[in-house]
Every structure is written in C-alpha cells, then in structure tokens.
Amino acid sequence: MTRASLDKQPHEVASMFDDVAANYDLTNDVLSLGQDRRWRKEVAKAVDARPAERVLDLAAGTGTSSLPFTRTGAYVVPCDFSLGMLREGKKRHPWLPLTAGDATRLPFRDDSFDAVTISFGLRNVQDTDQALRELHRVTKPGGRVVICEFSHPTWAPFRTVYEEYLMRALPPVARAVSSNPDAYVYLAESIRSWPEQADLAGMLQKAGWSKVAWRNLSGGIVALHRGTKSQ
C-alpha cells in the first residue's frame, strides 16, 4: 500500500488513490459524516451547468462527482490521473467519457470548456499554481471555475476540535472502512497544510482568474472558490 508524502510526488499520489479506489466514495461518506453529499450539491449549484455546455470535472475519481452535471444536459468530461479510480469508475458508469490526465498538463486544447471544476483534489496536485493556470487555459473566455476543497474553520475553538479529529479520530475510523488507512493520514496532513481561504483566492487571481470569491461551508471545513475567465 502507498502513502504519499507532502511533497506530493505524482506517482505516489496516483498509486495511493489506486489503492483506495474500490471503497473511496463509501469511506468519504463515513469520514465526513455524510456532509460530502451536501458539499457536492453546493458545487453543482455553483457550476450551474446548462444544456449543451462542456464541463471539465477534474480529479473526478470514479465519476461520482460528474453525475449531477450530466443530469442538466451538459457534456461532462471526468478527468483523473489515478488509473485505478478511472477503472473503478468505468465499471460503475461505462457511459461516462472518463479521461486520464495530469492537472499540471491537461490533455485538452485552449478554450475548450464553458466551466471547469475540481473537488477535493487540488491540494493533492504537486504544483497548485500550474494547475490553476492549466484550468484557466482550457476554459473559454467568459467561462467559470469552481473549486471545492477542504479548508480551515473560521471559529478558533471549532478549528481546534476539528484538527484534533483529523489527526486523532480520522485514522482509526479510516482503518475500519478503508483498504489503505495510511492514505487518510496523508489526507489529514494535507488538509492541515493547505492555504487559508484568502490565500487560495490570491493564487486564483495570480493564475489569471477574475471576479474571484469564496464561500465557507460547514463553518470553513470546506471552502467553495469561484472565478471567471475574462472575455
């Protein structure tokens, strides 16, 4: 079993997700106490996919996150660099155009998508700035980005309790439900080391996105960042 380190070597991260692919969606549901379903509904609302639009769902894993977009009539491309995740997704959703791709070198032409989104995957990319530039490159002028990522609770007492849960309670729960519990130790560490909400907004602006804003979910456990590509 693979446990990635915080320098996020791509082969380590991809292998780690290959190991947890079969039970990944179930494990996330248990560890988030079911909150991940609510978060994904908020992503779908923010993306606001419309019929005939092209949507890139990056770090799509098994394709579960792409399903709400398909229901709107949009053409969705689920993309991930874990072949294990994509294989599992193909078993469950054989009709989805699951695509292998690295966030820092996306296999798509410039100005290809009306909307791009990534949920709970950006912090696993080795070069976050490059990934944000790549998302900008493949988005059409006037198009939009939505990023849903674990973040930092804004109320100090709750933040302390939450970080204790991440480092103490999460690993034993992961051992009970995951095929690779060490992977969730890495995930907890990666959440703690992730930039604050305002810092990520600054990174989006630096990558070329305009009208950048964010909204906290579940008290800041998760943040929803949005931006637009200028015409």
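Two residues are in contact here when heavy atoms of one lie within 4.5 Å of heavy atoms of the other. Keep that in mind while we look around this predicted model.

**Helix 9 and its cover**

Let's start with helix 9, which runs over residues 197–206. Its buried residues are Gln-197, Leu-200, Ala-201, Met-203 and Leu-204. Looking down the axis of helix 9, you'd find these buried residues within an arc of 160 degrees, so they line one face of the helix. And what covers them? The cover includes helix 6 (128–138) along with strand 5 (139–150), strand 6 (210–217) and strand 7 (222–228). Just past the end of helix 9 comes Gly-208, with a positive phi of about 110 degrees.

**The sheet**

Two of the strands just mentioned, strand 6 and strand 7, pair with each other in the antiparallel sense, over six bridges. Within this stretch, Leu-217 sits opposite Val-222 of strand 7. Zooming out, the sheet is an open one of seven strands, in the order 3-2-1-4-5-7-6, and its pairing is mixed. Strand 3 (99–100) and strand 6 stand at the edges with a single partner strand each, so one side of each has no neighbour in the sheet.

**A cavity inside**

Rolling a probe the size of a water molecule over the atoms shows where empty space is left. In this model, there is one cavity of 30 Å³ or more, and the largest cavity has a volume of about 50 Å³. Its lining is made up of Arg-40, Val-43, Ala-44, Asp-57, Ser-65, Pro-68, Phe-69, Thr-117 and Ser-119. By type, the lining residues split up like this:

| Type of lining residue | Number of residues |
|---|---|
| Nonpolar | four residues |
| Polar | three residues |
| Charged | two residues |

Which elements bring these residues in? Helix 3 (35–47), helix 4 (67–70) and strand 4 (113–119) each supply at least two residues of the lining. Helix 3 gives the most, with three residues.

**A closer look at Ser-119**

One residue of that lining, Ser-119, lies in strand 4. Is Ser-119 buried or exposed? With a relative accessible area of 8%, it falls on the buried side, as buried means under 20%. Leaving aside neighbours within four places in sequence, Ser-119 touches Arg-40, Val-43, Leu-58, Ala-59 and Cys-148. Among these contacts, Arg-40 and Val-43 also turn up in the lining of the largest cavity.

Definitions and conventions. Residues are numbered from 1 along each chain as its sequence is written. This is a predicted model: local features need pLDDT of at least 70, side-chain atom pairs count only at pLDDT 80 or more; totals for chains, interfaces and linings use all residues. Side-chain values use heavy atoms; hydrogens and water are left out. Buried means under 20% relative accessible area, exposed over 50%, partly exposed in between (1.4 Å probe, protein chains only). Helices (H or I, at least four residues) and strands (E, at least two) are DSSP runs, numbered from the N terminus. The arc is that of the directions from the helix axis to the C-beta atoms. On a 1 Å grid over the protein atoms alone, a cavity is a set of points where a 1.4 Å probe fits but cannot get out, and a pocket is an open set with protein on both sides within 12 Å along at least five of seven lines; lining residues have an atom within 4 Å of a point. Grid points are joined across faces, edges and corners, and a volume is the space filled by probe spheres set on the points. Ala, Val, Leu, Ile, Met, Phe, Trp, Tyr, Cys and Pro count as nonpolar, Asp, Glu, Lys and Arg as charged, and the others, Gly among them, as polar. Two strands pair if DSSP finds at least two bridges between them.
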